[in-house]
Amino acid sequence: SHAKEILHCLKEKYFKELQDLEVDGQKVEMPQSLSWYPEELAWHTNLSRKILRKSPQLEKFHQFLVSETECGNISRQEAVSMIPPLLLNVNPHHKILDMCAAPGSKTAQLIEMLHADMNVPFPKGFVIANDVDNKRCYLLVHQAKRLNSPCIMVVNHDASSIPNLQIDVDGRKEVLFYDRILCDVPCSGDGTMRKNIDVWKKWTTQNSLQLHGLQLRIATRGVEQLAEGGRMVYSTCSLNPIENEAVIASLLEKSQGALELADVSYELPGLKRMPGITKWKVMLKDGQWIEEWKDVPSNRQTQIRPTMFPIKDEEKLKTMNLERCLRILPHHQNTGGFFVAVLIKKSPMPWNKRQPKVHQKLPQRAGETEVTAANSDNGSECITEELTLAENEESKKAQELQNSDTEQSKKEGVCGPPPSKKMKLFGFKEDPFVFLPEDDPLFLPIQKFYALDPSFPKMNLLTRTQEGKKRQLYMVSKELRNVLLNNSEKMKVINTGIKVWSRNSDGEQFGCAFRLAQEGIYTLYPFIHARIINVCIEDVKILLTQENPFLSKFSSETQKKVKDMAMGSIVLKYDPDPEKPDDLQCPIVLCGWQGKTSLRAFVPKNERLHYLRMMGVEVFKAKRKEEESESKTEEEVQHRLAQTEEGMDVEDKEHDLVTKMEADIGEESSHSPVESSAMEVENKIEALDQSSKNANSHVSQESKDTDTSNVKD
């Protein structure tokens, strides 16, 4: 419902203001919706970044884009990179793996699809987003956190050897197979040459020859972990067949019929595409073309492999249906170049044939929430890996040794980082994920104060501190809890869970030491039965524009409700009135604090601005005025921050740059309704992007996802 409101706001306000605008003597071209993206939720603009940033006439539109991006309400992304998640056909119950996820724009799309029904706080599905580069994992965390989902976990592994995870199904350990896998592999990025000047400087024929092996290994690891009937999308931002059709053909050949290319010609109508190709040549460093493997000079046979060449057997080639791959060419619809292939797994991979066996049918009862190992499209059987007897004996012994060390921590619900002997830890050492014990005395006052529903899944609450005071409480879905508890030894988790409560020492005297956190309120709200105040739209405007308004400023109905309520953390709920179509038509839930004589909202600054824009309140501040007002009120703001600092994030030890960036735009700065420079925020995102630019060859594809000019609600 919020996306629809933003779309309405864009069309009725911002696009109309661009209509007759001229910048540097040129008429501004109106943004256009992408015809192939569902429900008009993606728009394309030809405005260059330079013009968008520097033109005073466009400053208002630019601030809108930056502010809404920070809230997670829009994402700016290359148009073609929106295609793979759409072709995955995600449903809210799907278990999804994003193998090479940073910087995270596609991951954000996947999270949206899981939460298609906003009335379900915990979808049964989840997204595990992986990246090999530790620094880029924090960029991924920053992107995913904007969406406030309890169903996302960011992990740090080499995608070509990402470990098999286990889950507990009815007290039995089973291997986790994914229903959907996004395999957006590192590539030469030659499809991005329109926007990426580096490609022109650095491109050589060697790029794709060096990447082919890695791409094939990642794709192979992906299909091994795919459930039967599941879908994997392989994509690159390259048009080189050695990185594309050669990888797919090799994968299909060694799958011996276990995989097939899906025909997606009827999906995404309006998207102009070319079929995959079946014939190509391989070029050596010196520019010499080679048509077959047998012609490769013996001194080059280590760099050039047989899998790089097209299949010669016409019959075999025909059954592969390589023409079902999608090639998106830049000049067809003013985009980047892109390649996509959609694979469906019909049976286990030949080298896994002896392992899997059918255990049971999927539970079909309504309301069943048990985690299942492989939930395929048609509700087919669950598959689990069964080791051979010899392997079984070995694994049992190893397991016993391991269990003696880990059983204690398992009982305590601690999911720490893997031991350094087993896995070399790169980058920042993460704090453990500690689930709240069932009898934790911390929870009782919270439950009583907020009158939590008996169905509230308190087992899913976790903290990041093993000893000392718990300052923040986070929440994950039941399914992710299962994954966390059963795999802490083999998995490096960077981040998971959304913050739902923050410690506030003032609250203790009113019966609860924890105040509600805005980022988790939409997940938590369905379970809260006390301390809810329904407010009208005028009250919402007061709450979002005034720092600490007196109760007398609110409507008489609100004043009556507050009168009988104890001081402390509260929920402020706005429900739209269908009989007033001009008012905001989406529900709003805000965290607040009730004082003796006042009522205030605890909402991050950009989120405040978002709600005000949706209500038609003008929030734009011109740069100069803003700078003046900032310098005048700096002391006042510092004083205010000192007072409200307590209970804010101190244990999220995320990457320095991300932490600093989030501090500038997070709750600490939320108490001033004045909008700070949008340029600063964007520059910080850029700086972070830049810092990891050379970390992974995939950067050339999408490190500019946050910068390019496509707007997606």
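This short presentation describes helix packing, aromatic pairs and some backbone features in a predicted model.

Good morning, colleagues. I shall begin with the protein as a whole. The chain has 713 residues, of which 58% count as buried. Its secondary structure amounts to 22 helices and 32 strands. Among contacts between residues at least 6 apart in sequence, 76% join residues at least 24 apart.

Let me turn to helix α18. It spans residues 605–614. How many of the residues of α18 are buried? The count is 10 of the 10, so α18 is largely enclosed by the rest of the structure. The list of buried residues includes charged side chains such as Lys-605, Glu-607, Arg-608 and Arg-613, and also Leu-609, Tyr-611, Leu-612 and Met-614. Just after the helix, Gly-616 has a positive phi of about 85°.

Which helices pack against α18? I shall take three of them in turn: α3, α1 and α16.

Two packed helices are described by the angle between their axes and the distance between the axes. For α3, residues 59–71, the angle with α18 is about 120° and the axes are 8 Å apart. The two helices are therefore oblique to each other, and their crossing is left-handed. On the α3 side the contact involves Gln-63, Phe-64, Ser-67, Glu-68, Glu-70 and Cys-71; on the α18 side it involves Asn-606, Glu-607, Leu-609, His-610, Arg-613 and Met-614. By class, this contact comprises 4 nonpolar, 4 polar and 4 charged residues.

The second partner is α1, which covers residues 2–18. Here the angle is about 65°, with the axes 10 Å apart, and the crossing is again left-handed. His-2, Glu-5, Ile-6, Cys-9 and Tyr-14 of α1 meet His-610, Tyr-611, Arg-613 and Met-614 of α18. That contact divides into 5 nonpolar, 2 polar and 2 charged residues. His-610, Arg-613 and Met-614 thus appear in the contact with α3 and in the contact with α1.

The third partner is α16, residues 537–545, which packs on α18 at about 145° with an axis separation of 10 Å. This crossing, too, is left-handed. From α16 the residues in contact are Lys-541, Leu-543, Leu-544 and Thr-545, and from α18 they are Arg-608, Tyr-611 and Leu-612. The classes are 4 nonpolar, 1 polar and 2 charged. Tyr-611 meets α16 and also α1.

I now move to the aromatic residues. A search of the whole structure finds 12 aromatic pairs. One of them joins Phe-15 and Phe-61 in an edge-to-face arrangement, 6.4 Å centre to centre and with 70° between the planes. Phe-15 lies in α1 and Phe-61 in α3, 46 residues apart, and the pair links distant parts of the chain. Are these two rings buried or exposed? Phe-15 has a relative accessible area of 6% and Phe-61 one of 4%; the cut-off for buried is under 20%, so both residues are buried. Elsewhere, ring pairs link Phe-122, Phe-443, Phe-449, Tyr-450, Phe-456, Trp-501 and Phe-527 into a cluster.

A further enclosed helix deserves mention. In α9, residues 245–255, 9 of the 11 residues are buried, so this helix is largely enclosed by the rest of the structure. Among the buried residues are Val-247, Ile-248, Leu-251 and Leu-252. What covers the buried residues of α9? The covering elements include the helices α8 and α10 and the strands β12, β13, β17 and β18. After α9 comes Gln-256, with a positive phi near 50°.

I close with the backbone. Most residues other than glycine have a negative phi, and most peptide bonds are trans. Against that background, the bond joining Ala-102 and Pro-103 is cis, with omega about 5°. Pro-103 is placed in the loop between β6 and α5. Asp-24 has a positive phi, near 50°, and sits in the loop between β1 and β2. With 72% relative accessibility, Asp-24 counts as exposed. Ala-451 likewise has a positive phi, near 45°, in the loop between α13 and β23. Ala-451 is partly exposed, at a relative accessible area of 29%.

Thank you for your attention.

Conventions. Residues are numbered from 1 along each chain as its sequence is written. This is a predicted model: local features need pLDDT of at least 70, side-chain atom pairs count only at pLDDT 80 or more; totals for chains, interfaces and linings use all residues. Side-chain values use heavy atoms; hydrogens and water are left out. Axes are lines fitted to C-alpha atoms, for helices over the stretch in contact, and angles run from 0 to 180 degrees between N-to-C directions. Helices (H or I, at least four residues) and strands (E, at least two) are DSSP runs, numbered from the N terminus. Angles under 35 degrees count as roughly parallel, over 145 as roughly antiparallel, 65 to 115 as roughly perpendicular and the rest as oblique. A crossing is left-handed if the near helix is turned anticlockwise from the far one by less than a right angle, and right-handed if clockwise. Contact means heavy atoms within 4.5 Å. Rings of Phe, Tyr and Trp (its six-membered ring) pair if their centres lie within 6.5 Å; planes under 30 degrees apart count as stacked, over 60 as edge-to-face and the rest as tilted. Buried means under 20% relative accessible area, exposed over 50%, partly exposed in between (1.4 Å probe, protein chains only).
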